[in-house]
Amino acid sequence: MSILKLENINYSYVDGGMKRQILNNCSFEFEKGKFYTILGPSGSGKTTLLSIISGLDSPESGTFYFDGEDVNKIGLNKYRRNKIAIVFQQFNLISYLTAGENVQLAMTETDNSVPKNQKEVAYALLEKFGIVKSKADRLVSRLSGGEQQRVAIARAIASNVDLIFADEPTGNLDTATEQEIVKIFKMLTEEYGKTVIVVTHSNAVSEFSDLRVKLEGGNLITL
Amino acid sequence: MNFINRALKNVTRKMSKSLLLGLTFFLIGNFVIVGLGVSSAADNAKILARQKMRAVVEYSVDHEKMWEATKDFTEEESTEFYENNPVEITLDKIKEIQQDPRVKVVNAIGNHQMYSKSFENVLVGNEENNNSGGTYFETDEFGNTVEYEHIEPNISLKTNAFDNMIEFEDGIYKIIEGRMYTQEDIDNMSPVCLITDKLAEMNNLSIGDTVTLETMELRSLEYYEGATVEDITIEMEIIGIFDNSEELDPSDPEYDWMSPHMSPDNIVLTTESYINSSKLKLEIMAFDSGKLEYPDIEYYQDEANRPSLESMSYKSNIIILLSDPLDVDAFVKDYTATSESEYLVFDANNETFLKLSKPLDTLSIFSNIIIWLVIINAIVIITLVTALTLKTREYEIGVLLSLGVSKTKVVAQFFVELAIVAVIGFTLAVMSGSMIASSVGNAVLDFQVATADVEIDEDNDYNYYAETDYFTEVSLEDITSKYEVTISPWIIAQIYVAGLGMVLISILIPSLMIMRFNPKKILLNTN
Ligand SMILES: Nc1ncnc2c1ncn2[C@@H]1O[C@H](COP(=O)(O)OP(=O)(O)O)[C@@H](O)[C@H]1O
Ligand SMILES: [Mg+2]
């Protein structure tokens, strides 16, 4: 069974009296444990799609299912807290917390079972993604962009969810760092069995993915 | 990393913001503390001064008002006015007042001047002026001038309608032997009395002895046809001996001419009911002869005016002692509404007090206004600051929401952040405020006293109809000396409550902003 199934998702907005249909009866199934990239030109509606399937916004019509369960039934707040994690382009970290505390935050908030020794687990996770302990104790604003994105990824898996979304996670990074981050996403599927859905317009990123999907005319097409 | 933890981290790691907010709370706190300190000191001073005053209320005829009402009247109009406006306090009313739970003792006193028969009065000490009477002249029915001896009454018989007197409550009278008359004695009109220790000593009288007095001069008997010596004779058994701590003042200009019955040593106490029953017969005789002699005077012709035990118990003045001075104002207010005549007034004689406490009232009102102004301003400022910082924290809110943190928890975090800073700011303010409150408070009181108009007319309604002045006089010094600005635990508690209230109200608008926050923004606001 698919981990995420979209059924006739529609989304439009009115701009200057003109109606623009961003998502048009969009239907798709994402398989468990795979690394997906969603491609598409700027303005094609990738972020809009991601905001809907990550429970940050609601579609005009249509339903989507997580593990066969209607997400609206789960409740968007609960869905975000227990089922998924999101990595943003601008490294969604809280500036007055250290790297370690940012990771712990995800563990505190989720209802999923997480280890008791949160602090140690946070250090270990960060270490795994290349953030040594001395850096883990720094406020995130003192870390480089690549380091911040590693922290964000560490936090994404800390809450023990199965599905991880990322919106242009390497958009602000140089090519070398981009490669490292992409490898980490790959590792998430291979080592941790997570399903990863990354929105990107970078071919370098999409080449690493198991499946490449394109948003075109408001619908998803497997390439 | 729960919301309390996050709030703590935010406060400690965003130091400049915390310092600024903390300073705001600190300044507000100082204002509020000084304000609360001053207003409570002013209120306390009033209460303390009031408590020092006697809880005495007088219910009596407002002679001044009656005079005002009748000053332009003809004699006839005047007579009619007095008939239509009986200013008598009835026994029912007196009893109703006495039964009020706030009332301790009621003095519904009767003062009867008497002539001692079986004993001698205590000497006043001015006897060389011969104040016990003298030779007077009068014209008889045949136009001849006749000489007669007038004798001054030498005993003051004081009665009360109740089995206690304010004088006992105050310790002015003290029973040294025997007992006071009881309610039973009053109900039974028992012929019992109490005499002063001086009278007892002088006449070798003791409990159980009988004393005899006459209610008028023997020669006055001739005005009552058929009356006998028996009718003016009162016999009572001594049941108690008391000490009267009042003393005559020989420097009093009236001392030289004082007659013996005015001496505090020549007082006999008995029940009102017994004396009235003893005097009733002659009262009725006087009424009946008046009826015959003055057919034109309506009063004597109206049978309703025939003397009775009931009518003899009416008073034009009673003194009420309350248990708690702080009840006085409410008591006067309650009973003023029930007064039996507009010319009978309840008076606590506290005009002076009210006038003198004006500066304190002003102080209290001013500091309350300042407290509220500061609090309202503070709420506006803190709301603005929080709402503005919220703009810069939209990203953070989005992150929290994307992690599935509920909006209420986000609001809770913001509240805790503010509350932590507020508590610290207010705690520092409590320390500094306590130090400055008393000097600031004293300075403003001095200013108030210096600028307030607190002139007092000296003879400010001193009631010369009452035999004794039961009221306490107060001075400005009495009141202001009670004013002391201290920061009590109660004030401190109030400050923290006010502080948390401010934080709660200040967080309202920002909370609404958070509740309306759309989490999608976090994805759209790329840089
Ligand atoms: N609710 C909305 N109101 C107005 N414009 C919107 C709304 N949602 C999306 N858009 C616009 O739709 C377009 C698609 O946006 P987006 O999903 O961010 O595309 P992409 O991520 O592929 O670049 C953008 O131009 C965006 O400004
Ligand atoms: Mg986008």
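This dialogue covers the interface of chains A and B and one residue, A:Glu178, in a predicted model.

Colleague: What should I know about numbering and conventions here?

Modeller: Residues are numbered from 1 along each chain as its sequence is written, and chains are lettered from A in the order in which they are written. In this predicted model, local features need pLDDT of at least 70, side-chain atom pairs count only at pLDDT 80 or more, totals for chains, interfaces and linings use all residues, and side-chain values use heavy atoms, without hydrogens and water.

Colleague: How much area do chain A and chain B bury between them?

Modeller: The size of an interface is often given as the accessible area lost when the parts come together. Here that is about 2600 Å², 59% of it on carbon and sulfur atoms (accessible area lost with a 1.4 Å probe, summed over both parts). In chain A, the most area is lost by A:Gln90, A:Tyr96 and A:Glu109, together 28% of what that side buries.

Colleague: How many salt bridges are there between chain A and chain B?

Modeller: A salt bridge puts a side-chain nitrogen of Lys or Arg within 4 Å of a carboxyl oxygen of Asp or Glu. The two chains share four; one of them joins B:Lys9 to A:Glu101 at 3.2 Å, N to O.

Colleague: Is A:Glu178 buried or exposed?

Modeller: Buried means under 20% relative accessible area, with a 1.4 Å probe and protein chains only. A:Glu178 is buried yet has no salt bridge, and the nearest side chain of opposite charge, A:Lys183, is 11 Å away (Lys and Arg count as positive, Asp and Glu as negative).

Colleague: Which residues does A:Glu178 touch?

Modeller: Contact means heavy atoms within 4.5 Å. Leaving out residues up to four places away in sequence, A:Glu178 touches A:Thr170, A:Leu173, A:Ser202, A:Ala204 and A:Val205.

Key: Buried < 20%, exposed > 50% of the residue type's maximum accessible area, 1.4 Å probe, protein only. Buried area = accessible area lost by both parts, 1.4 Å probe.
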